[in-house]
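Biologist: I have a model open and some questions about its contacts. Can you put it up and walk me through them?

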Amino acid sequence: MHEPVGDARPGAGGVVLTRRKGAVAAVAAALVLLAGVSVVLGVQQAGRRDLERGLAGQVTALLERSTPAEHHEHGHDFGEDAGQVVCAVEPFGFDPPDARAVSQVRWVYARHMCAVTGAGTNWAMSVRASGPIAVRLGGTPWVRVPEPGPGYPDRVREIVPERYHEEAFEEFADEGVIEAARERFERLQAAR
């Protein structure tokens, strides 16, 4: 039997709460609080995804507007028969880290893969460059690409803040980003 809580005398107008009902009420309150926190976190995650999509679009456009000669200047050699550059970009960080809008971001840290259309080339055989990059947005955008070769991981760590080092060496999390670039590549190649 449950012990009443409060004034349980008949006619006293009090509410009879049992320990079980009190526990149920506490659990219900905790669930409501947890649901509220989940909604807030979900909205924040959705906001971050939207921001990352916007940053990916800006960096992709910047890389794809670059000529093969400009790509060569930052370490990518696509050859003499290079056509149009097609890129997949997936941000894994940005500065300042508390930015909530693309206009607030100064630096984007992203995985990228760029391929170049060319005579008779398909996606699988295309000349490609990939890896982590750091891109300064704003006034004069600047793309920093770590030089390949011995010591490459150290050069990546030089351009990416320590809080993003682990993500810098991961693969693309969303294969759809690469698939979308491949489809754009194939459409451009077919139009040549």
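Modeller: What follows is a chat about charged pairs, a disulfide, nonpolar cores and a few single residues.

Biologist: Before that, what kind of model is it, and how are residues numbered?

Modeller: This is a predicted model, in which local features need pLDDT of at least 70 and side-chain atom pairs count only at pLDDT 80 or more, while totals for chains, interfaces and linings use all residues. Residues are numbered from 1 along each chain as its sequence is written, and side-chain values use heavy atoms, with hydrogens and water left out.

Biologist: How many salt bridges does a search of the whole structure find?

Modeller: Seven. A salt bridge here is a side-chain nitrogen of Lys or Arg within 4 Å of a carboxyl oxygen of Asp or Glu.

Biologist: Which residue does Glu52 pair with?

Modeller: Arg48, with the closest N and O atoms 3.0 Å apart. The two residues are four apart in helix α1 (residues 19–65), so about one helical turn separates them. Helices (H or I, at least four residues) and strands (E, at least two) are DSSP runs, numbered from the N terminus.

Biologist: Is Glu52 buried or exposed?

Modeller: Buried, at 18% relative accessibility. Arg48 is partly exposed, at 30%. The cut-offs are under 20% relative accessible area for buried and over 50% for exposed, with partly exposed in between (1.4 Å probe, protein chains only).

Biologist: Which salt bridge sits in α3?

Modeller: Asp154 and Arg157 are both in helix α3, three residues apart, which is about one turn. Their side chains meet at 3.2 Å, N to O. Asp154 is partly exposed at 47% relative accessibility, and Arg157 is partly exposed at 38%.

Biologist: And what does Arg163 meet in a salt bridge?

Modeller: The side chain of Asp95, at 1.9 Å, N to O. Arg163 is in the loop between α3 (152–159) and α4 (165–168) and Asp95 is in strand β1 (residues 85–95), so the pair ties together parts 68 residues apart in sequence. Arg163 is partly exposed at 44% relative accessibility, whereas Asp95 is buried at 15%.

Biologist: What else does Asp95 touch?

Modeller: Setting aside neighbours within four places in sequence, Asp95 is in contact with Gln104, Val105, Arg106, Trp107, Tyr109, Pro161 and Arg163. Contact means heavy atoms within 4.5 Å. With Tyr109 there is a side-chain to side-chain polar contact at 2.8 Å. A polar contact is a pair of N or O atoms within 3.5 Å; within protein, one must be able to donate a hydrogen and the other to accept it, and residues adjacent in sequence count only if both atoms are side-chain atoms.

Biologist: What kind of peptide bond joins Asp95 and Pro96?

Modeller: A cis one, with omega at about 0 degrees. Most peptide bonds are trans. Pro96 itself is in the loop between β1 and β2.

Biologist: Switching topic. Which cysteines does the disulfide join?

Modeller: Cys87 and Cys114, with the sulfurs 2.0 Å apart. The pair links distant parts of the chain, Cys87 in strand β1 and Cys114 in strand β2, 27 residues apart. The structure holds one disulfide, the term meaning a pair of cysteine sulfur atoms within 2.5 Å.

Biologist: Why is it called right-handed?

Modeller: The torsion about the S-S bond of Cys87 and Cys114 is about 105 degrees, so the disulfide is right-handed. Both Cys87 and Cys114 are buried.

Biologist: On to the interior. Which residues touch the most other members of the largest nonpolar core?

Modeller: Leu55, Val59, Leu63, Val89, Val105, Val108 and Val135, out of 20 residues in that core. α1, β1, β2 and β3 each supply at least two residues, and the largest share, six residues, comes from α1. A nonpolar core is a set of buried Ala, Val, Leu, Ile, Met, Phe, Trp, Tyr and Cys residues joined through side-chain atoms within 4.5 Å.

Biologist: Take Val135. What does it touch?

Modeller: Not counting residues up to four places away in sequence, Val135 touches Val59, Leu62, Arg106, Trp107, Val108, Trp142 and Val143. There is also a second, separate core of nine residues, including Trp123, Ile178, Ala181 and Phe185.

Biologist: Last one: where is Ser126 found?

Modeller: In the loop between β2 (107–116) and β3 (127–136). Ser126 is buried, at 8% relative accessibility. Beyond neighbours within four places in sequence, Ser126 is in contact with Ala115, Val116, Thr121 and Phe185.
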